[in-house]
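Let's take a friendly walk through a protein model, starting from one residue and working outwards. Keep the 3D view open as you read.

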Amino acid sequence: DILNIDINLLFFYLIFILRFTIQDWLLLTLFFLYYPMGFFDFLTEEIAIDLGTANTLIIHNDKVVVDSPSIVAKDRISGKIIAVGNEANLMQGKTHENIKTIRPLKDGVIADFDASEQMINLFIKSIPTLKNKIFSPSLIMVICIPSGITEVEMRAVKESAERVNGK
């Protein structure tokens, strides 16, 4: 944190007090290349996701912020997601015939791409510290997947993460 404050003060000092020459701009560019993320840390958040067949875990700031069943309640007619996680688990077997509960992950692999993508998206939106942000930050994700999955299944996980603003 001290390094980030020093970078911001240096940037303020160089812009508003000194007059820049071409050499100053080159030095400033080299400086920010050396410390690339210190100035823009507020635009990114790091999370870890464990996509399990039974439960999904999301870790943010070294804390488990989401620990919910990997289950989705979906309307059969419209195809819209009604609930995910614990809410969908409570609906299982007790709902109207037009609402079905599905598990989008089978054997640790994405079986229903759309349902799993919406489930991940809703789980990420439920993270308390990300709800309070004015701008939705870019997410740097680490996703745990089984070691024996195919390239197609790995691509499905990667595309699902990219669609929810993740890298």
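## Starting from one residue

With a relative accessibility of 0%, S160 counts as buried, because buried here means under 20% relative accessible area. Please keep in mind that this is a predicted model. S160 is found in helix α6, which covers residues 151-163. Which residues does S160 touch, once neighbours within four places in sequence are left aside? The contacts are I110, F113, E117 and I120.

## The helix around it

Helix α6 is made of 13 residues. From its first C-alpha to its last it reaches 18 Å, close to the 18 Å expected at 1.5 Å a residue. Its buried residues are A156, V157, S160 and A161. Seen down the axis of α6, these buried residues fall within an arc of 130 degrees, so they line one face of the helix. What sits on the face turned away from that buried side? There you find the exposed residues E151, V152, K158 and R163.

The buried residues of α6 are covered by parts of the chain that include β8 (109-110), α4 and β9. Just after α6 comes N165, which takes a positive phi of about 70 degrees.

## The nonpolar core

In soluble globular proteins, nonpolar side chains tend to be buried together. In this model, the largest nonpolar core has 23 residues. Those that touch the most other members are I47, I49, I58, I124 and M141. Which elements each supply at least two residues of this core? They are β1 (44-51), β5 (81-84), α4 (113-125), β9 (138-144) and α6. The most comes from α4, which gives five residues.

I47 is a good one to click on. Not counting residues up to four places away in sequence, I47 touches I58, I59, H60, I124, I127, L139, I140, M141 and V142.

## How the strands pair

Here are three strand pairs to look for in the 3D view.

| Strand pair | Bridges | Direction | Facing residues |
|---|---|---|---|
| β1 and β9 | seven bridges | parallel | T44 and S138 |
| β1 and β2 (55-60) | five bridges | antiparallel | I49 and I58 |
| β4 (72-75) and β6 | four bridges | antiparallel | V72 and I102 |

Strand β1 is in two of these rows: its pairing with β9 is parallel, whereas its pairing with β2 is antiparallel. A hairpin of three residues joins β1 to β2. I49 and I58, which stand opposite each other in β1 and β2, are also among the core residues that touch the most other members.

## A three-stranded sheet

The last row of the table belongs to an open sheet of three strands, in the order β5-β4-β6, with antiparallel pairing. Which strands lie at its edges? They are β5 and β6 (99-102), each of which pairs on one side only. Neighbouring strands of this sheet are turned by 20 degrees against each other on average, with direction ignored.

Helix α4 packs on this sheet and touches β4, β5 and β6. The direction of α4 makes about 60 degrees with that of β5. So many threads meet at α4: this helix helps to cover the buried residues of α6, gives the most residues to the largest nonpolar core, and packs on the three-stranded sheet.

Note on methods
Residues numbered from 1 in each chain as written. Predicted model: local features only at pLDDT ≥ 70, side-chain atom pairs only at ≥ 80, totals over all residues. Heavy atoms only, no water. Buried < 20%, exposed > 50% of the residue type's maximum accessible area, 1.4 Å probe, protein only. Contact = heavy atoms within 4.5 Å. Core = buried A, V, L, I, M, F, W, Y, C linked by side-chain atoms within 4.5 Å. Expected span 1.5 Å × (residues − 1). Arc of directions from axis to C-beta. Pairing = 2+ DSSP bridges. Axes fitted to C-alpha atoms, helices over the stretch in contact; angles between N-to-C directions.
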